Amino acid sequence: MTMYKAPLRDIRFVTEELLDYPSHYQQFDQGKEATPDIINAILEEGARFCEEVLAPLNRAGDEEGCRLEGHDVKTPEGFRNAYQQYIDNGWSAMSQPEEMGGQGLPESLGIMVNEMMAEANWAWNMYPGLSHGATATLTRHGTEQQKKTYLQPLISGQWTGTMCLTESHCGSDLGLLKTKAIPKEDGSYRLEGSKIFISSGEHDLSDNIIHIVLARLPDAPAGTKGISLFLVPKFLVDQQGQTGERNKVYCGSLEKKMGIHGNATCVLNFEEATGFLIGPANKGLSCMFTFMNFARLGTGLQGLAHSEIAWQNAWRYTRERKQGRLLSELDQPDAKTRLLTEHADVRRMLLTIKVFTEGNRALYYYICKQADLFLYASDEAVRQHAEQLMEFLTPICKAFMTETALESATLGIQCFGGHGYIREYGMEQNLRDARIATIYEGTTYIQSLDLLGRKVLLTQGELLRKFTKIIHKFCKQHENNESIKTYIDKLSALNKLWGDLSLAIGMKALEDREETGAAAYDYMMLSGYICLAWVWADMARVASEKLAENSADATFYTQKKEAAQFYYARILPRVEMHKHAIESGIASLSLSVD
């Protein structure tokens with residue numbers, strides 16, 4: 001089975017040494033209580049819960065899966081008890097407002113714990129994970145009565161949430177959805193239709209499930225402009241917040257998936273179910289983007305989780321397993337069998353996983369820092385700047401982190417050789433579970449179009465320039481830093497290339513809009529590699545400073561420098577490949593059809 005140890009040392013390196021979260025938290029009221037002692041206690045207890053409670057359920061949950069009994073879903077053995085411990089320990093409410101029963105701690109601190117939960121058991125983590133988006137959607141778009149009725153039990157974890165978007169004929173084209181919402185005399189609505197791929201859509205962990213549902217009103221215009229958003233509880237709730245009779249929303253079947261067997265992915269049938277409008281009529285898709293953006297960041301975290309699992313297990317196995325001799329020793333009959341880590345190509349695979357895992361973690365926590373500023377900063381200009389950085393980086397987080405996670409999970413299997421292909425070691429589960437992440441919450445192509453089309457071209461490069469300006473300032477600040485000078489020179493050149501290439505794509509797209517689609521995937525990957533070049537240069541800077549101070553943790557910092565060197569030498573050249581693919585344009589994508 002997979003082994004899991006919470007990566008506390010690296011989380012602390014990123015948050016304390018690289019991004020200076022302690023100073024960051026002192027900028028706003030919600031961070032005042034997040035003292036180093038409090039943070040350490042939370043992380044230590046979170047690590048214990050993940051290592052001792054969640055991780056042991058990971059393989060068992062995959063083996064057992066979920067069961068549909070009538071309209072009710074039974075989760076794998078141990079999941080319900082783990083969820084009760086999750087509620088009792090207050091993890092659900094940690095980053096929520098105190099006036100709603102939360103603990104009022106920063107969003108980013110909650111995400112540190114959520115990272116460990118995602119790594120320990122992604123299938124289990126999805127059940128409470130979707131509630132965060134439901135909470136944010138109601139907070140921003142719900143009526144006062146809806147907030148009063150539904151927010152506190154969602155925040156406490158007593159109830160959980162889902163988002164119900166797609167239908168069997170839709171896929172990601174939500175303009176085609178057919179679920180109907182018919183007004184009733186009492187102000188509620190009668191929902192009729194079916195939704196598919198609903199993660200955590202039915203289960204036995206919480207007392208109620210609050211479905212956030214896209215549907216059409218009878219007089220709605222066609223396409224995405226005619227979609228409204230509704231709240232549909234599993235059990236109806238009275239004015240005092242007490243649950244009553246079962247609503248007419250039922251699980252018709254469980255999807256038979258290649259992975260994440262411990263999480264119930266449901267077909268939900270709305271059979272004249274009672275629902276309540278959230279936000280303005282026919283504006284449901286824009287309201288739902290609150291939920292979807294949280295889900296996209298959450299899926300990026302899934303990518304980080306699968307990379308971390310690949311790294312931990314491949315690193316442990318290759319340091320223990322002996323196989324083969326070094327090439328330089330083939331003519332020595334008495335040469336000893338070597339550890340796998342002594343073979344060059346095994347180190348290539350390990351370092352590839354390492355630079356993706358640790359680089360994506362640094363980028364992710366940079367985005368989390370912006371989330372804190374957007375949510376809590378008192379200065380409107382600071383809030384707006386943080387929001388714009390999040391808008392730009394969210395599709396990169398979702399798409400690049402999941403694509404590199406898939407590569408990491410594949411390499412993790414390869415490091416095990418034949419043992420990686422069988423179930424005993426758990427690496428094949430990690431690959432199966434990781435595969436969906438590039439599809440969840442909008443495929444890589446959809447995220448790529450969002451990045452290039454909406455965030456770059458439609459803003460005439462404004463959002464891109466806000467981020468490249470940060471990289472430019474970093475390069476200027478450290479241009480004479482000898483410990484990272486070679487990285488700074490490359491990073492500066494790539495930062496300029498990023499802007500120039502974006503302009504070139506925009507000019508071609510003026511002649512043919514399909515050029516945007518032809519460039520989108522390669523543009524996304526190129527953007528991700530440049531983002532990681534920035535964070536790896538910065539991590540090398542910190543590591544060099546610590547080594548110069550004769551830190552007692554010299555091995556840790558030396559490994560950071562080695563990883564940065566590998567990233568720039570072996571991974572960053574991929575940018576050139578994507579650049580050439582982009583420049584080949586739509587003409588290189590011809591495919592004749594009979």
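**Briefing: aromatic contacts, salt bridges and a buried strand**

Tyr366, Phe392, Phe467, Trp498 and Trp534 are joined by ring pairs into a cluster. The structure is a predicted model, and its aromatic pairs number 29. A search of the whole structure also yields 42 salt bridges. The points below treat selected ring pairs, charges over rings, salt bridges and one enclosed strand.

**Aromatic pairs**

- A pair of aromatic rings is described by the distance between the centres and the angle between the planes.
- Among the 29 aromatic pairs is that of Tyr83 and Trp124, whose ring centres lie 6.4 Å apart with the planes at 55°, so this pair is classed as tilted.
- This pair links distant parts of the chain, since Tyr83 belongs to helix 6 (residues 79-88) and Trp124 to helix 8 (residues 122-141), with their positions 41 residues apart in the sense of being 41 residues apart.
- Tyr83 has a relative accessibility of 1% and counts as buried; Trp124 is likewise buried, with a relative accessible area of 0%.
- Tyr317 and Phe416 form a stacked aromatic pair, with 4.2 Å from centre to centre and 15° between the planes.
- Tyr317 is located in helix 10 (residues 284-320) and Phe416 in helix 12 (residues 380-416), so their pair ties together parts that are 99 residues apart in sequence.
- Both Tyr317 and Phe416 are buried.

**Charges over rings**

- Arg9 places its charged end over the ring of Phe556, at 4.0 Å from the ring centre.
- The charged end of Arg246 sits over the ring of Phe235, and the distance to the ring centre is 5.8 Å.

**Salt bridges**

- Side chains of opposite charge can pair when their charged atoms come close.
- Arg361 and Asp10 form a salt bridge in which the closest N and O atoms are 2.9 Å apart.
- Because Arg361 lies in helix 11 (residues 344-376) and Asp10 in helix 1 (residues 8-18), this pair ties together parts that are 351 residues apart in sequence. Both Arg361 and Asp10 are buried.
- Glu358 and Lys560 meet through their side chains in a salt bridge of 2.7 Å, N to O.
- Glu358 is in helix 11 and Lys560 in helix 18 (residues 554-571), so the contact ties together parts that are 202 residues apart in sequence. Glu358 and Lys560 are both buried.
- These four residues belong to a network of salt bridges that links Asp10, Glu115, Glu119, Glu308, Lys354, Glu358, Arg361 and Lys560.
- Lys195 and Glu167 are joined by a side-chain salt bridge of 3.0 Å, N to O.
- That pair links distant parts of the chain, 28 residues apart: Lys195 is in strand 5 (residues 189-199), while Glu167 is in the loop between strand 3 (159-164) and strand 4 (180-183). Both Lys195 and Glu167 are buried.

**Strand 7 and its partners**

- Six of the six residues of strand 7 (residues 228-233) are buried, so the strand is largely enclosed by the rest of the structure.
- In a regular strand the side chains alternate between the two faces of the sheet.
- In strand 7, Ser228, Phe230 and Val232 point one way, and Leu229, Leu231 and Pro233 point the other way.
- Strand 7 pairs with strand 6 (residues 208-215) in the antiparallel sense over six bridges. Val232 in strand 7 has His211 opposite.
- Strand 7 also pairs with strand 11 (residues 265-278), again in the antiparallel sense, over three bridges. Leu277 in strand 11 is the bridge partner of Phe230.

Key: Residues are numbered from 1 along each chain as its sequence is written. This is a predicted model: local features need pLDDT of at least 70, side-chain atom pairs count only at pLDDT 80 or more; totals for chains, interfaces and linings use all residues. Side-chain values use heavy atoms; hydrogens and water are left out. Rings of Phe, Tyr and Trp (its six-membered ring) pair if their centres lie within 6.5 Å; planes under 30 degrees apart count as stacked, over 60 as edge-to-face and the rest as tilted. Helices (H or I, at least four residues) and strands (E, at least two) are DSSP runs, numbered from the N terminus. Buried means under 20% relative accessible area, exposed over 50%, partly exposed in between (1.4 Å probe, protein chains only). A charge sits over a ring if NZ of Lys or CZ of Arg is within 6 Å of the ring centre and within 35 degrees of the ring normal. Two strands pair if DSSP finds at least two bridges between them.
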